[in-house]
Amino acid sequence: MSILEVDGLSVHLRTRRGLVHAVDDVSFTVEERETLAIVGESGSGKSVTARSIVGLFPQRLVHRRSGEVRFLGEDMLAASESRLTAIRGRHIGMVFQDPMSSLNPVLRVGNQVAEPLRRHLGMSRADSHARSVELLGEVRIPNASQRVNSYPHEFSGGMRQRALIAAATACRPKLLIADEPTTALDVTVEAEILALLKNLQSEHGMALILVSHDLNVVSNVADTVAVMYAGQIVEYAPAQELFARPEHPYTEGLLGSIPSIERHHTVVRNQRLTAIPGAPPNAVSLPSTCRFAERCRYATSDDACSSTMPTLREIRPGHWVRSAHPASERAPT
C-alpha cells in the first residue's frame, strides 16, 4: 500500500535573487514500512521537496506549486492550513536538521515531547508527562524520568536529536520525514541516530523519508534512493541496485567522492577520490537542456545533452535515470 504518492511536483519560490525553480517535476512513491532516501548536493531541492509534502513554506514565499502530493489518498496541496496542522505531528512526523535550534530553549524537553500528545490525542498534562518519560526512554535517553525536566541546553547534540525524534514519533505517525537528521553530529552519534530511526520504524511500522547529502549515511538504511540535482530527480532505484550499478554520471561522481573502507574499517591508503568539476547551475536561470551537461565528462557540444532536456526513463525494472549517457548505454572505453 502506498503511504505517499508524489506526481510531477514543482515548486517556485520568491527570493531576493529572483524566482528560484527549487523543485521541478519530481515524482516518487513511498510504500508502507519503506525507507526512501533523497540525496544530492546542497541546493538540489531535497529539503524543499520534503517540506512541500507537509506545507511548511509560508505562502508569501511560494510563487507557484503544482503537481500532486497524496498522503493516504488525500490531496495535500489542496488541503487547508488547519487540515495540514492536524496532519503534521499526528500522521506525519518531521525531524529537522539542526538539533541545536529546533527545540525551544525556554521550555523543558519533556513539555516539548508532550505537546503533540496533548494537541493531537487530547491527553491530560499528567498523562502526557508520563508518556513523554516513556518516549525519552524509547529513544535511549538515560535517566529519562529525571532528564524529562531538563532544558535543551543541558542536552548534548545527540540527545537533543533523540528528543526531537521522540516528539516526532509521539503520536505514532504513518510517515516520518527526517531532514538531514545527523547534521553537525559526530560519526559515532550519527550511526546511533540512524540505528534508532530504523528501530523505531521497525517497531511502529512507519514509512521513512531520509533526506541527506551523504550517500554513506543512507547506504545501510535505505530501501530506495532518489538522487536529486538542480531541482530534478536524475536517478531513482532500489538502494542495492543503485549502489551496485549507478547509471547517471552525477550518481557516479557522488559515489566516487566517498572513501573506500577496508574490512577493518580503515580508509584505503593511496586512493584517489574523484571530484565533480564545476558547480550546480543558478536556480534562478536554469538551462532548458540537461542541467548536468556542463559538469558531465560524457557530454559533447553536438549531442542530445546540449539540445534537449533528458526525460526520466526506466532502463531496468524499477531503475529510472534522466540522462542521455547512462552507464549501461555507453560504448566501452
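**Asking why about a predicted model**

Me: What makes Glu241 and Arg316 a salt bridge?
Reply: The side chains of Glu241 and Arg316 meet at 2.6 Å, N to O. This is a predicted model, and the value is computed from it. The cut-off is a Lys or Arg side-chain nitrogen within 4 Å of a carboxyl oxygen of Asp or Glu. The value of 2.6 Å is within 4 Å, so the pair counts as a salt bridge.

Me: How do you know which parts of the chain Glu241 and Arg316 tie together?
Reply: Look at where each one lies. Glu241 is in helix α9, residues 239-244, and Arg316 is in strand β11, residues 313-316. The two parts are 75 residues apart in sequence, so the pair ties them together.

Me: Why is Arg316 called buried?
Reply: Arg316 has a relative accessible area of 14%. Buried means under 20%. The value of 14% passes that test, so Arg316 is buried.

Me: And Glu241, buried or exposed, or in between?
Reply: In between. Glu241 has 23% relative accessibility. That is not under 20% and not over 50%, so Glu241 counts as partly exposed.

Me: What makes Arg172 and Glu138 a link between distant parts of the chain?
Reply: First, the contact itself. Their side chains meet in a salt bridge of 3.1 Å, N to O. Then the places: Arg172 is in the loop between α6 (157-168) and β7 (175-179), while Glu138 is in helix α4, residues 125-138. They are 34 residues apart.

Me: Why are Arg172 and Glu138 both called partly exposed?
Reply: Arg172 has a relative accessible area of 28%. Glu138 has 22%. Partly exposed lies between the buried limit of 20% and the exposed limit of 50%. Both values fall there, so both residues get that label.

Me: Which residues are linked with Glu138 and Arg172 in a network of salt bridges?
Reply: Arg131 and Glu134. The network holds Arg131, Glu134, Glu138 and Arg172. The whole structure has 15 salt bridges.

Me: How do you know that Glu115 and Arg119 are about one turn of the helix apart?
Reply: Both lie in helix α3, residues 109-121, and they are four residues apart. That is about one turn. Their side chains meet in a salt bridge at 3.4 Å, N to O.

Me: Why is Arg119 called exposed, but Glu115 partly exposed?
Reply: Exposed means over 50%. Arg119 has 53%, so Arg119 is exposed. Glu115 has 37%, so Glu115 is partly exposed.

Me: Why is Ala170 called buried?
Reply: Ala170 has a relative accessible area of 4%. The limit is under 20%, so Ala170 is buried. Ala170 sits in the loop between α6 and β7.

Me: What is Ala170 in contact with, leaving aside its neighbours within four places in sequence?
Reply: Val113, Pro116, Leu117 and Leu135. Contact here requires heavy atoms within 4.5 Å.

Me: Why is Gly278 called exposed?
Reply: Gly278 has 64%, and exposed means over 50%, so the label fits. Gly278 is in the loop between α10 (249-256) and β11. From Leu107, Gly278 is 45 Å away in space, C-alpha to C-alpha, and 171 residues away in sequence.

Me: What makes the phi of Asp25 and of Leu72 worth a look?
Reply: The sign. Asp25 has a positive phi of about 55 degrees although it is not a glycine. Leu72 is also a residue other than glycine, with a positive phi near 50 degrees. Asp25 is in strand β2, residues 18-31. Leu72 is in the loop between β4 (62-71) and β5 (74-75).

Me: How do you know that the radius of gyration agrees with a compact globule?
Reply: Compare two values. With 333 residues, a compact globule would have a radius near 20 Å. The chain has 21 Å, which agrees. The C-alpha trace spans about 70 × 50 × 40 Å along its principal axes.

Me: How many helices and strands does the chain have?
Reply: The chain has 10 helices and 12 strands. Of its 333 residues, 48% count as buried.

How values were computed:
Residues numbered from 1 in each chain as written. Predicted model: local features only at pLDDT ≥ 70, side-chain atom pairs only at ≥ 80, totals over all residues. Heavy atoms only, no water. Rg over C-alpha atoms; globule rule 2.2 N^0.38 Å. Buried < 20%, exposed > 50% of the residue type's maximum accessible area, 1.4 Å probe, protein only.
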